[in-house]
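Colleague: Could you walk me through a few spots in this one? I'd like the ground rules as we go.

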Amino acid sequence: MIWKEDDIRTLQSRLDSFRAQFNLHLLITLRQYAMENSAKQEETLQALGIASQNSTRLEGIASSILEFLASKSTFSDLSETKTSLRNGLVAEIYQENPQSAKTTAQLIPLAPERRQMLQKQVLSTLRYAGMEDREERIAEAYESTFEWVFRSDEQEAQKWYSLRSWLEGEDQIYWITGKPGSGKSTLMKYICQPIPQQLDSSFSKLELNPVTRQPELRCQPYLRKWAGSKRLIIASFYFWNSGINLQMTHTGLLRSLLYQILRDYPELIPTAAPSRWESLSLLGSSPERWKESELESTLHLAVKAATTDGRLCLIIDGLDEFDGAHDSLVKFIKSLAHQNTNVKLCISSRPWVVFQDEFDTKPHLRIETLTYKDIKHYVSSNLSLDPGFSKLQTLQPHFASQLIESIISKAAGVFLWVNLVVVSLLAGMSYGDRIPDLQKRLDLLPPDLEELYDKLLRSLDPFYLEHATQLLMIMETSKNPLPLIIFSFADEESVESVMKMPNTMSEKEIAIRVDNMARRLNSRWKGLLEIDRALEAAGNLRAHAHQTVQYLHRTVKDFIKSRKVQEFLQSSLTSPFDPHLSLCVAHYAYIKALSASTAVAEEVHLCLWYAARVLLMSEDDMIQMLDDMDSTLPVMYAIYEPGTNLPSKHASTATSEPNLFHYLGIKWDQETRHGEFGDTFLSLAVIHGVTAYVKARATEGCLVQKPYSLGGSQTWPLLNDAVCAGSFNVEMFECLLSLGADPNFGSPLGATPWRALLQSLLTTRHLPLESVRALPKDRGIVVKAMVVNGADLRSAWKSYIPTYTNRFGSRVSLARGNTFTDGFFEELDSLAVQRKPQGKGSKRWTKILGIGK
């Protein structure tokens, strides 16, 4: 019997409709059971012949019912059936009206221990590494400085709106602004730091936060007057454009604020995130990744719920460091204030027009006009600690006082300038400078921060200038702020030295490395690059690894990135330098130093990411290093016995598939991957686009042996890895096809590369596809290349109804019309006549497509 295309589509559409109806009815039924009391639930389980266990109490009745339904399925894989059912229901919950989930989420009875477990699970998906990093890096306010900000009597002497009055009153937005380096972030940190214990006598009652168990914040006693008897929640965020992506984006802001609000008030979670909470409480599963739209709606719901019987204060620093449209950030802040009068926002930024236009009419202060006494105290205290200056005060009190006043006057309220100048003067005193020398030193220091940085840069030791430039290039090239220990590996002289490193490193060796690297950075950059001292080394690898190297201040980054400075630094290089190779080597060295740590997966990704970007001159070194990595990883992580394809006797027995990806803990995002991978080191290289390595090490036909069971393997095409990675790396496809990769190679473990490619196109485009020209350029080139290199156009794809994995992990069939049109395949047919000649290394297809060199 031959099925017609229309018949197949009609049948598939009916099956999709049945599946959707089944999921909806199953969800309604599970909701009913879940909202019953424990006695009723027990009766239901007994009626189904399901034994009541403690796991039911923790996982919920719905999970037990899904287990029961899966056991009755005709499919052999019980776990996969249950997962498929669960994922389909999660998708159904998210597609419903949020109000339905909200109602159900609030009505599902949960045991106290399970409720706490689910609350922690939601919070863990919001929290991210480095969430508090920026706040920790901001310098502490110098002793006795900024105390004026909470004094009400200062308002008469200064032209500013009292922050204390704002905290206690009903105004919603307060703007702290000022020059770069004037101390805005330090003041923001000061405002929401815990009250020092020695100051607790200033307040009638010093309370501890019930969640963090820390003393209340400096601003809290005044905000409590505003909140009255209502619950008070305070959350803060510090933008930082030299940090990780989440420290400078809207998503990072949303996750951080949500985490703090829901951590302090976890009872809000079912109301603020109803779909996620119902998915977890009902099914024990939810999408791991938050979409920005879900985060924003969740924050607005959380704010609304929190302010029903409470008051909320948000403290957001560094709006100018936001990596996005600043006017959209302003609108977001206004929306939070307009949403509810029980919300306050204390914000800070440079006095840019976009912020002045909106906030200049709000209560605000300009910090450099208010810090004269603070700067005088800072200068006097620091200079007085020096024995040389103490003698000067005794012998020449008038000049000593005049010197301090000159510093304050020249600083014009810029605290950062003061800090750098005091360091310079103290250095002069240590050299025995005379009074005229000190005055000349001060006179020669420019009052403008950028000019001061330029003077410091020009004073760098010429012997170290090239090395200083190389270190800067490494830091700038790194995807994230670089931990000091990895920086030390990046500063190695050669690839060979890293390859000779042992596969483990003692804490003493690490401590020596960290200390030496810190000294090199200080001598090469004179403090313009700094190490995060907020995390003091605790004598172990992890503590050292989190000491990151960053710019002293945002103004330093802006200065160094200027065209003039970049040209000056580049002129110091006597030979080409490749920071990508240095970072590739550094992450491999760190993998070896980790010695079987669970963090290895991220390091493998980073190592190969940099390997794909090395300069042509570095390719031989990169290939040599990756060869060493290929042979070292399986032994280090006990995947295979040395020199064999047999699983190591030390390997985990959690799975029967001893593949590289599993044992390194490497996972792939379901939203970007399309199918299976080859689970070999060459597969990793293909996925990460390390074309030079693949070209050097792949054999004719580009086939590898993919391990699939104990002691066994299956021939696997690397071309499938290129397709399934989802990146459509044109250079990698050119490499593989030029080496004779077959688009039609069939494997029992997956679809042919050609089929996998078409399926990936269907899951990433608005459908149906009518023309290759309608595809993005890289996808169009790859499709044409596959056809020119022999892709079988006679396959059944015209009548094939594909499926794909959605963001919930559920397999979804594409409905009628959501596939390729006849015009699409007719266009491919016209390309088929341009097939390349047989033989390895042919470049004809690249010339045909106009991408040849």
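Modeller: Sure. A polar contact here is a pair of N or O atoms within 3.5 Å; within protein, one must be able to donate a hydrogen and the other to accept it, and residues adjacent in sequence count only if both atoms are side-chain atoms. This is a predicted model, where local features need pLDDT of at least 70, side-chain atom pairs count only at pLDDT 80 or more, and totals for chains, interfaces and linings use all residues. Residues are numbered from 1 along each chain as its sequence is written, and side-chain values use heavy atoms, with hydrogens and water left out.

Colleague: Which backbone nitrogen lies 2.8 Å from a polar atom of the Q220 side chain?

Modeller: Q220 sits in helix α11, residues 220–227 (helices are DSSP runs of H or I, at least four residues, and strands runs of E, at least two, numbered from the N terminus). At 2.8 Å from the Q220 side chain, the backbone nitrogen is that of L217.

Colleague: Is Q220 buried or exposed?

Modeller: Buried means under 20% relative accessible area, exposed over 50%, partly exposed in between (1.4 Å probe, protein chains only). Q220 has 17% relative accessibility, so Q220 counts as buried.

Colleague: Which strands stand at the edges of the open sheet?

Modeller: The three strands run in the order β6-β8-β7, with antiparallel pairing; two strands pair if DSSP finds at least two bridges between them. Each edge strand has a single partner, so one side of each is left without a neighbour in the sheet: these are β6 (482–483) and β7 (529–531).

Colleague: What is the bridge partner of L482 in β8?

Modeller: β6 and β8 (residues 548–551) pair over two bridges. In one of them P483 stands opposite T548, while L482 has as its partner V549.
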